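Subject: Structure for you to look at

Hello,

Here is the structure I promised to hand over. Please open it first, then read my notes beside it.

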Amino acid sequence: MNYLSPQLSGADLELLDPLLSQQDNRWTGRFHGLILKTALQPIFSISHKGIIGYEA
């Protein structure tokens, strides 16, 4: 399943594909020697007694 923007063309996706990897629910991007990883913090609701979302 492709989670990237639908505005990207096939050629754009071909350029990005070797830079991105996914393991479990984490994405990692490599670009010019840098490694970028997703970091999500859960939003906990006391009234719902659980996680209701995530923020980056």
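**What I found**

Start with one pair of residues: Q22 has W27 in strand 2 as its bridge partner. Keep in mind that this is a predicted model.

**The sheet of three strands**

Q22 and W27 lead us into a sheet. Strand 1 and strand 2, residues 26–31, pair over four bridges. The sense of that pairing is antiparallel. Strand 2 is also joined to strand 3 by four bridges. These two run antiparallel as well.

Put together, three strands make an open sheet in the order 1-2-3, with antiparallel pairing. Strand 1 (20–23) and strand 3 (34–37) are the edge strands. Each of them pairs on one side only. From one strand to the next, the twist averages 20 degrees.

A word of background may help here. Strands of a sheet pair through backbone hydrogen bonds, and the pairing is either parallel or antiparallel.

**T28, inside strand 2**

Now find T28, which belongs to strand 2. Its opposite number in strand 3 is K37. Is T28 buried or exposed? T28 is buried, because its relative accessible area is 15% and the cut-off for buried is under 20%.

Which residues does T28 touch, leaving aside neighbours within four places in sequence? The contacts are L19, L20, S21, I35, L36 and K37. So K37 turns up twice for T28: as the residue opposite and as a contact.

**The turn at H32**

Follow strand 2 to its end. Strand 2 and strand 3 form a hairpin, with two residues between them. H32 sits in the loop between these strands. Look at its backbone: phi of H32 is near 50 degrees. That is a positive value in a residue other than glycine. H32 counts as exposed, because its relative accessibility is 72% and exposed means over 50%.

**The second hairpin**

Strand 4 and strand 5 make another pair to look at. Five bridges join them, and they run antiparallel. One position to check is P42, which stands opposite Y54 in strand 5. Four residues lie between the strands of this hairpin.

K49 is found in the loop between strand 4 (41–45) and strand 5. What is phi at K49? It is near 55 degrees, again a positive value in a residue other than glycine. K49 is exposed, because its relative accessible area is 71%.

**Y54 and its surroundings**

Y54 deserves a close look. Y54 lies in strand 5, residues 50–55. Is Y54 buried or exposed? Y54 counts as exposed, because its relative accessibility is 53% and the cut-off is over 50%.

Y54 still has contacts. Leaving aside neighbours within four places in sequence, Y54 is in contact with L40, Q41, P42 and I43. P42, as noted, is also the residue opposite Y54.

Next, compare Y54 with F44. They are 10 residues apart in sequence. In space, their C-alpha atoms are 8.7 Å apart.

Both residues belong to a nonpolar surface patch. Which residues make this patch? They are L40, F44, I46, I51 and Y54. The patch covers about 620 Å². L40 therefore appears in two places: in the patch with Y54, and among the contacts of Y54.

**The whole chain**

Finally, step back. How many helices and strands does the protein chain have? It has one helix and five strands. Read along the sequence, the pattern is α-β-β-β-β-β.

The protein chain has 56 residues, and 9% of them count as buried. T28, with its 15% relative accessible area, is a buried residue. The accessible surface of the chain comes to about 5300 Å². Carbon and sulfur atoms account for 57% of that surface.

One last number concerns contacts between residues at least 6 apart in sequence. Of these, 2% join residues at least 24 apart.

**Where to begin**

I would go through it in this order. Find T28 opposite K37. Move on to H32 in the loop between strand 2 and strand 3. Then go to K49 in the loop between strand 4 and strand 5. End at Y54 in strand 5.

Best wishes

Note on methods
Residues are numbered from 1 along each chain as its sequence is written. This is a predicted model: local features need pLDDT of at least 70, side-chain atom pairs count only at pLDDT 80 or more; totals for chains, interfaces and linings use all residues. Side-chain values use heavy atoms; hydrogens and water are left out. Patches are made of residues with over 30% relative accessible area and no salt bridge: like charges are joined within 9 Å, nonpolar side chains (Val, Leu, Ile, Met, Phe, Trp, Tyr) within 5 Å. Accessible areas come from the Shrake-Rupley method with a 1.4 Å probe; for residues, only the protein chains shown count as cover. A salt bridge is a side-chain nitrogen of Lys or Arg within 4 Å of a carboxyl oxygen of Asp or Glu. Buried means under 20% relative accessible area, exposed over 50%, partly exposed in between (1.4 Å probe, protein chains only). Contact means heavy atoms within 4.5 Å. Two strands pair if DSSP finds at least two bridges between them. Axes are lines fitted to C-alpha atoms, for helices over the stretch in contact, and angles run from 0 to 180 degrees between N-to-C directions.
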